[in-house]
Amino acid sequence: MCRSIKTLRPPVLADEATEEEIRAAALQYVRKVSGFRAPAAHNQEVFDRAVDAITEATAELLDGLEIRGVGARRAS
């Protein structure tokens, strides 16, 4: 996929992923899938909506993961 997207869960990431880290991963994903580092003005809105949606989905995923031996991932 995209090598610059890092794992955002323990034990790879010792502490809880920040909103900034989650959003950065979402941005990298959207850039990779769309093929655009920065979208043209006429695509900016849809690009931003995709980043928002993936950020939300990623946070939900991380909230729901149960990592054995590490405890609860994040407080909801």
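Just after helix α1, G35 takes a positive phi of about 85°, in a model that is predicted. The points below treat α1 itself, the nonpolar core to which α1 and α2 contribute, and two individual residues, T58 in helix α2 and H42 in the loop between α1 and α2.

**Helix α1**
- The 16 residues of α1 should span 22 Å at 1.5 Å a residue, and the end C-alpha atoms of this helix are 22 Å apart, which agrees with that expectation.
- The residues I22, A25, A26 and V30 of α1 are buried, and they lie on the same side of the helix because they cover an arc of only 135° around its axis.
- It is against α2 that the buried residues of α1 pack.

**Nonpolar core**
- The largest nonpolar core is made up of 6 residues, namely L8, A17, I22, A25, A59 and L62, and the elements giving two or more residues to this core are α1 (19–34) and α2.
- In soluble globular proteins, nonpolar side chains tend to be buried together.

**T58 in helix α2**
- T58 belongs to α2, which comprises residues 44–64, and the side chain of T58 reaches the backbone oxygen of I54 at 2.7 Å.
- When residues up to four places away in sequence are not counted, T58 touches L8 and I22, both of which are listed in the largest nonpolar core.

**H42 in the loop**
- H42, placed in the loop between α1 and α2, counts as exposed because its relative accessibility is 69%, where the cut-off for exposed is over 50%.
- A polar contact of 3.5 Å joins the side chain of H42 to the side chain of N43.

How values were computed:
Residues are numbered from 1 along each chain as its sequence is written. This is a predicted model: local features need pLDDT of at least 70, side-chain atom pairs count only at pLDDT 80 or more; totals for chains, interfaces and linings use all residues. Side-chain values use heavy atoms; hydrogens and water are left out. Helices (H or I, at least four residues) and strands (E, at least two) are DSSP runs, numbered from the N terminus. A polar contact is a pair of N or O atoms within 3.5 Å; within protein, one must be able to donate a hydrogen and the other to accept it, and residues adjacent in sequence count only if both atoms are side-chain atoms. Contact means heavy atoms within 4.5 Å. A nonpolar core is a set of buried Ala, Val, Leu, Ile, Met, Phe, Trp, Tyr and Cys residues joined through side-chain atoms within 4.5 Å. Buried means under 20% relative accessible area, exposed over 50%, partly exposed in between (1.4 Å probe, protein chains only). The expected span of a helix is 1.5 Å times one less than its number of residues. The arc is that of the directions from the helix axis to the C-beta atoms.
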